[in-house]
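Me: Could you take a close look at one part of this model for me, the big-picture sheet and whatever sits around it? I'd like one connected walk-through rather than a list.

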Amino acid sequence: MDRVINVILLRKTVTIKQSMAHFQTQTQERICQLTRPNHISTEMTIQDMSGKPIEALLVFGNCILKLRKSLVYFIKSKGLDVKMEDIRWVMPVPTFWNDAAKQFIRKSIDFIGIPEDQFQIALEPEAASIFCQQKLPDFNASLPGTKYLVVALGGGTTDITAHEKISSSRLRELIFATGNSYGGATVDDRFLQMFTAIAGKDIVSDIKQNYPMAYIGIFQGFENVKRNISTTTSQKVKVSIPLSALSVLDLKCKQVLGKNFRSTIDASKFSSAIELQDDSMHVDIGLMKAFFNVTINNILDLIKTRLQEPAVSDVTQILLVGEFAESSLMQDKVKSAFPDTRVIVPEAAGLTVLKGAVLFGHNPSYLQSRVMRYTYGVGISDEFDPAIHDEAHLVVQKNGSKLARHIFDVIIRKNQLVDAGTSIDSEYLTIDPNQKTMEFELYFSSNEKPVYIDETDCKPLGSVIITFPDVCQEERDVKVSFVIGNTELEVKAVDKKSRQTVTAEFNLF
């Protein structure tokens, strides 16, 4: 429920697990802002509990800064011989965060003193898969060639990929990782909707803004019991509410509705399903399970869709990991929906991503190869070919030559399997004498074979700015290397004439 950052320190590797869980609906809004490319920018704002907009970079950066300060204090208090320059920081993120979202995270650490080369991004299902491969003795994926689906069920997201065991320390991705915005927090959303239907939107908003600890207390009780509900649970579920929170509820219900909270429940449409006893709500099991329906159904649909892909047709195991994987009801529903598939749930499934990210930090080469989720390219103009290009993209130059504009010059295509760290080189020429910088735009598309950068499926990712250490009159030939197949896209540049590496900076639009 709370915004939390968990830390694991192991062999001088620190893992940051950032759950930007804001209370109820704000959880999904924040996560979705990092998955929609049109909404990501360094000026992006998010709202606090009172609805006040705050610069997102400051929120993310200060959360990590707080973590860094806590770690320094912990190291000093324990007398550990650990230097900050010996620590690698690894942040696991949802797989369907695009490159712009990952770059946004990198921007947020710029001002808090963590060097760029000590910070690394891991993908949540990959981290969990690595941990299970290395630390679960009964996980039947020890033989090369074994294939399994990884389903990472977090607070606000579900991420799915599939892996094949290549060797004792290497995995190969079978399908590109993807997911949706359903997880434990969307179950909380349903509980919030019920609570709002009982007390009213004004009362809930008032408590959220002016009595935050009472608000947290109300929903923490639900958080504590929801993972223990299973398909066999038949009794009413006891949701504890702190007396301080009940006092606030009574006060606000009397002020607005003229009756206490107990009477407010009795007057609602949920009167037959909820009974208030002392410091707890006793909720009918049918209503309690209904909170899960939308979330579980969307997760099951996503699993079914992924299992229908040809590359995973022979998968016989599903690995359930993440916080929401600890829900007994979620486990039961997956096992029921896929009776012919072995469903594996590690002990303390909510920690597998964190612990796996530590292992990934020590050895990022665990993933030998990945499947590209998008087609990547740059926007260029090229000689017009009527057999290829349409008239809408025709530009006639002053000298009469014909060019096709907005051409999508492909770097790598969607669904292509590439080894981690693969470098794809392109060459670009400067246009003007004494040119100090060279800039071009990067695009990505969900289409495997895009033609133009202005197609519906094509989105701008950002710009690459190459800065030269000096200027010259001659035309410059620059080799630009796009390093792909890792958890992040990387760009490098070399001046071909001088053979010097030049600065290549990736910026969000």
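Reply: Seven strands make up an open sheet here, running in the order β14-β13-β7-β8-β9-β15-β19 with mixed pairing. Bear in mind that this is a predicted model. The edges belong to β14 (342-344) and β19 (417-419); each has a single partner strand, so one side of each is left without a neighbour in the sheet. Ignoring direction, neighbouring strands are turned against each other by 25° on average.

Inside that order, β8 (residues 158-167) and β9 (residues 170-180) are worth a zoom: they pair in the antiparallel sense over eight bridges. If you want a residue pair to click on, K165 stands opposite L171 in β9.

Now add the helix. α10 packs on this sheet, where it touches β7 (147-153), β8, β9 and β13 (317-321). Its direction makes about 135° with that of β9.

Helix α10 itself covers residues 285-307, which is 23 residues. How far apart should its ends be? At 1.5 Å a residue the helix should span 33 Å, and the end C-alpha atoms are 31 Å apart, which agrees. Along the way, α10 bends by about 40° at N293. The N-terminal end of α10 is capped by D284: one of the side-chain oxygens of D284 lies 2.9 Å from the backbone nitrogen of G286.

Go back along the chain from that cap and you run into another sheet. This one is open too, with three strands in the order β10-β12-β11 and antiparallel pairing. Its edge strands are β10 (237-240) and β11 (274-277), each of which pairs on one side only. From one strand to the next, the twist averages 25°. β11 and β12 (residues 280-283) pair in the antiparallel sense over four bridges, and the bridge partner of Q277 in β12 is S280.

There's more strand pairing to look at around β16 (residues 375-383). With β18 (residues 402-412), β16 pairs in the antiparallel sense over seven bridges, and Y376 stands opposite I412 there. β16 also pairs with β21 (residues 437-445), again antiparallel, over four bridges. In that pairing G377 stands opposite Y443.

One last stop is a helix pair. The axes of α6 (residues 201-210) and α7 (residues 212-226) come within 5 Å and cross at roughly 115°. On the α6 side the contact is made by V204, I207, K208, Q209 and N210, and on the α7 side by P212, A214 and Y215. Sorted by type, the contact residues come out as five nonpolar, two polar and one charged.

So for your close-up, start from α10 lying against β7, β8, β9 and β13, then follow the helix through its bend at N293.

Conventions
Residues numbered from 1 in each chain as written. Predicted model: local features only at pLDDT ≥ 70, side-chain atom pairs only at ≥ 80, totals over all residues. Heavy atoms only, no water. Helix = DSSP H or I, 4+ residues; strand = E, 2+ residues; numbered from the N terminus. Expected span 1.5 Å × (residues − 1). Bend = angle between axes of the 7 residues up to and from the residue. Polar contact = N/O pair within 3.5 Å; in protein donor to acceptor, adjacent residues only side chain to side chain. Pairing = 2+ DSSP bridges. Axes fitted to C-alpha atoms, helices over the stretch in contact; angles between N-to-C directions. Contact = heavy atoms within 4.5 Å. Nonpolar A, V, L, I, M, F, W, Y, C, P; charged D, E, K, R; others polar.
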